[in-house]
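Student: I should like to work through the disulfides, a sheet and a cavity of the structure shown below. Please explain each term as it arises.

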Amino acid sequence: MSFQIKTCMQLILLMHQVASNWRLVDQSFTELQMISNNWEINDRCFDSLERSINYQTCTQNYIQYVLLDDDRRYIYKSFNYKSYQAQVIFDAYFDDADNDVDSSLKVSYDSNKDSESEQLLYRRNYKQSDLNQNSVRICHSTWRDFEFYTVVSTIANSNTNQFKIKICFNPRRSRVSLGINNLLIYQFLPSNLFNLQWSYRNIMFIIVQGGKCQCIPDQQFSETYIGCLQECSRDYSIADYDKICVNDKRIRSKFTLFESESIPQSNQRYYPLIFEKDEFNPRNSDLIYENCNGISFIGKLYFNEGFLYQMSLENAIKFIRIRITFYLFNFQETSTIYILHNNRIQSRIIKGSSDFQVDNLVKIFEKNENCGSIYTLLRIEMTFQLFNSNPTILIKGYLQQEYESWGLRNITVDTGFCQENCLICLDFSTCTQCDTTYKLYQNKCVQNCPIHSSNCIDYEEIIPYSRYLAKGFYDLNMTLDEIQQFYDYTTDPSFSLSTKQKFSFLNNKIVLGGLLVWNDGSYIKTWIIQKPHYAATIYFNLTYGDTYTGSFYYKIGSTSSIGFQGLFNNPGGGQNLIGRTGLESIRFFNVSLTNFYTNNLYIEFKCDVINTNITKEFCAISEYFIVIHHCPPFCSSCTSLNTCSDVGYTGPNCGNNQYLDFDSSIENYSCKNCNQPGCNTCTSIEECTQCVNNQFILINGICLCNPFTFLQGNNCIQCNKYCENCYGDSQYNCLTCVKDHHRSIQRNQCLCLTGYYDDGNNLPCFPICGDQIIVGEEECDDGNIKDDDGCVDCQIKCQVQCTLCELDICKECNVEGWQLSNQKCIPICGDQLVLGLEECDDGNMIPYDGCYECKFQCLEQCAQCENGICKACIKPGWILNQYNICTTQCGDGIVVDPYEQCDDGNDIPYDGCYWCEFQCTEGCIECQQQQCKKCDYLYKLNIQTAQCIKENYYDNNDNNQDVEKSNLQLIFYTNFRCGENYNLIDNLCISQCGNGILINKYEECDDGNNYGGDGCSAYCHIEDSYTCINQEGSLSLCTYIIAPKLNLNILSDNAKQIKIVELTFTQQVKLEESLNFEEIIVFSIFPQTRYQLTISCISNLTITLSDPKYQIQIEFIEQIQNPILQVDIQKNTIFNTYDLGLLENKKTINLGTPFVLSQTTKQQLINIVQLNDVMMYSMVGVSSLAFLTGNAIMFLIYQNYYNNYLM
């Protein structure tokens, strides 16, 4: 599969080549920054006390330095840099000494390792006689022993991540001091860690393989002078193709998401990400996994779920770098996470057989972790160009099984500009307009134009194909190697009195020559030019120091045999920058060599002075630039920019599909192909200017496939007709779907959404009418094909019962059994007519009576009800009997309260529980909670055990008692022993309750069983909310009922003065006897206030069943806050069809605060109305008179006044 966007390796422009292994890491105590810069100073070199830094200024000029003396001897600083070598350069002012004892200066290097001792970098022991330079006048006006040196230390060697530079001064007299300024610290680290042919020991994260150093996988990036890193810094750092982090000022950090270990609680906890649900596997999830090894992450996501991230960026941003940490759980092979940029595939993560494979992105690390189960923690980085300033990033899973999931956290977005501080970009790397405080230089934005430019045009850009041969001495950032490249040798007759160096510091830069370095003699250098050229330009400044009295000459040409140019004398003027009180003046030189074709460039700078005392005056070279004007690309010999001597040369032209590329490391031009997909012509590998054909569209220098196509090789192939974006031409290669087609992704297919179907011919899916899901153009979906229910073919239509229909909206239903509700005709439930969608209509709203709200309903204990017939009961404790009624099962060991007192799982009498009722021992006639309180005459009560003990009662009876008397006595004894409504059978008391024969004397009901919950309890009592039809000696029939309730409803607005309340009942009710409604009802207002109450009868309450309705009108006389209406109805006066009274006889309702006018306000309103009437009648009379007398104007004036002010 081919991708539209090139990898990040192709995006990185202007990667800086490391020219030298030495780097300046610290510059302190310079002319521009005479501050501590984290250097610390102590009174002694060992066991010392901290001191403040003492800054001194020369009296002969304005040069400042740090003073070391008897009270401040030790100055030091620590550096946290990866380093293998270090070197120190600084200016030292040796001021006075003793003749007898040596004072000393020592510079040392501490590697911060216990195993290594300090390395001595520089040491000088000196007496007064050693200070023979006699240069005191360069700083002090008074005579004393004085010397000025530029110290260049030896090189320290150590492999360390931290080191310390120490400077220790040991004066032997209190008058002896030392000044230090221009302190430079250099470190050395190989520019390419991977090409070392020797092993560095003890380097963090480095391993040695095959004689080469490499970073370990979890720290695979590296940065020069630092070492191995997990990833490059977010600001101003980007990785090249070797995963080496290089400085790039274009890129800066922008957004950071979910970096904290705990994601805060909020309504949108994963904002600004937008959750993309899977239409076929909807989930209801918080999407925050609270704790995975103490860290929260966004997730878990399943199947085709994902996140959308929409950004709004500045127009000058041309590329972005995104890093994401993924949590990957139980991925199966080939399961994939796609990352799309503006609906085009950018990258993907694919589960392989052993690990995760990636396309078009970089793995930062991959490791297995445990969070209840094994998962993979994968951090990735991707860098890509933008199409516009509002990129949309879609991260979407394409998983196969329900146990696969993923999440993410620690998302960072870094933005890359065409150039730093650029406002408007021409292309990917060229700025055309900078921010207001910056200037445009070499397509970049700088605060100040550099010295090697003219009007912010660099010297090498003035003439095409020009390049620097040498460039230096314009700031402090030069290494010793770079300085030495500017001369082959020198001649200096005063070397014994000089600083012993070939350079010095002047005006906050390193210069060639300078104070106590050069006043008589030459700097000579032969430069080698490798490439064909026709001219050269040399720029430099010469400083005449301390009112220099000599002359300057130079030779610039192909050999040393050419004559000197000059003499050039001091132009005069200037200012005192350094040294003695004489002034420093500057002359600028611009030397052009035309018709210059040789490969050698000889340059000699010569100062010639009569008085060669180097302590009194000097010369210095600064701002030294050599620009070679090369022949055009591919020309081996030329005489000018436009004249190439090669036969057949046609110019620096490349092929149609190529661009001209320059490799600065080897100074070579070449033609490179425009390898960007779909690109025909380009100016660089990132900037396409024309696409190969109309299959592509050019956006922001990138050729993109047109919508509904995908890139394959260098062609755009049509996606399958069902796909919006895809990675292949099959219907199983979809990435996104056209939402207007009502399709969504499921396993890379665009399938119809729920509620839609595919007709096999059209791309759009169509709504399924009749599935009770309203989608698309459907106005309704009632799941049937009836044409009389207001929903026909899933469109709202007036029903046949509608007697007034306007624009498919029903206004009236004047048909028996139907009523208007929400512009539809619906059956009247409770009228005992089964119509429309009604399943039944028993004329009441009593639940659990078989029909409730016109739907079949079983008893409360029924778990499965079909058309009003119970098929299964709730578990446990209930069973279905032969009448399809749920009853309790005595003997199942489950107590169902309140229908059973106990259940011991057997029917053994006198074991404490019998027939699910508590029972005492045999002979007990008064039993409470298994404790016998009284025994019959044949037993006696054992008080300790609460049990009855049998006595031998019949032993004293005469044998000649007749049988009749015995039978009568037996009946008496049975009643006495068992109680009424019991029979004594086999010496057991058997209750007659539950035999289906009602005995009114003892029973309220008898439904033929001993189960509770069916209306007639196990004790033959009628249960709450039931009524039973009873007949002596017959089976009782019981029905579940609910008592009627009183309803109050406010019909008026809350703010009105008059409140209207509707009074109704939940069932048809009647009066017990002929009473007036007002006689049994009382209305009260709380808190007490003045009001008038009127009762209007809409439908009256009588002794026959009806639906009574009343309206209560309450007019408040005075202001009141939130009054409450209380209605009290006399008990046992209102009953339903089953003679059940009201469930509650009291009802209250909050009426809301009324708006009440005071009497004074009312009277004022009445007066205004009366005045208005008087004025109206007066005006009518006047206008009538005016009309009759012919004064039409007066008539019109009064008529207008009437219309505007009285109407």
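Tutor: We begin with the disulfide that joins cysteine 449 to cysteine 456, with an S to S distance of 1.8 Å. A disulfide here is a pair of cysteine sulfur atoms within 2.5 Å. This is a predicted model, in which local features need pLDDT of at least 70 and side-chain atom pairs count only at pLDDT 80 or more, while totals for chains, interfaces and linings use all residues. Residues are numbered from 1 along each chain as its sequence is written, and side-chain values use heavy atoms, with hydrogens and water left out.

Student: Which hand does the disulfide of cysteine 449 and cysteine 456 have?

Tutor: The hand follows from the torsion about the S-S bond. For cysteine 449 and cysteine 456 this torsion is about -100°, so the disulfide is left-handed.

Student: Is cysteine 456 buried or exposed?

Tutor: Buried means under 20% relative accessible area, exposed over 50%, and partly exposed in between, with a 1.4 Å probe and protein chains only. Its partner, cysteine 449, has a relative accessible area of 31% and is therefore partly exposed. Cysteine 456 has a relative accessibility of 9%, so this residue counts as buried.

Student: How many disulfides does a search of the whole structure find?

Tutor: The pair just described is a disulfide, and another joins cysteine 232 to cysteine 245, with an S to S distance of 2.0 Å. The search of the whole structure gives a total of 37.

Student: How many residues apart in sequence are the parts that cysteine 232 and cysteine 245 tie together?

Tutor: Helices (H or I, at least four residues) and strands (E, at least two) are DSSP runs, numbered from the N terminus. Cysteine 232 lies in the loop between strand E17 (227–229) and strand E18 (237–239), whereas cysteine 245 belongs to strand E19 (residues 244–247), so the parts tied together are 13 residues apart.

Student: What is the torsion about the S-S bond of cysteine 737 and cysteine 750?

Tutor: These two cysteines form a disulfide with an S to S distance of 2.1 Å. Cysteine 737 sits in strand E59 (residues 734–737) and cysteine 750 in strand E61 (residues 749–752). The link is left-handed, and its torsion is -95°.

Student: In which order do the strands of the open sheet of five strands lie?

Tutor: Two strands pair if DSSP finds at least two bridges between them. The edge strands, each pairing on one side only, are strand E40 (489–491) and strand E46 (565–569). With antiparallel pairing, the order is E40-E43-E48-E45-E46.

Student: Which residue in E48 is the bridge partner of phenylalanine 552?

Tutor: Strand E45 (residues 551–557) and strand E48 (residues 600–608) run antiparallel and are joined by seven bridges. In E48, the partner of phenylalanine 552 is cysteine 607.

Student: How much space lies in the second largest cavity?

Tutor: On a 1 Å grid over the protein atoms alone, a cavity is a set of points where a 1.4 Å probe fits but cannot get out, and lining residues have an atom within 4 Å of a point. Grid points are joined across faces, edges and corners, and a volume is the space filled by probe spheres set on the points. The structure holds ten cavities of 30 Å³ or more. For the second largest cavity, the volume is about 60 Å³.

Student: Which residues lining the second largest cavity are the closest to its centre?

Tutor: Ten residues line this cavity. Those closest to its centre are Thr490, Asp492, Lys502, Val517 and Tyr523.

Key: On a 1 Å grid over the protein atoms alone, a cavity is a set of points where a 1.4 Å probe fits but cannot get out, and a pocket is an open set with protein on both sides within 12 Å along at least five of seven lines; lining residues have an atom within 4 Å of a point.
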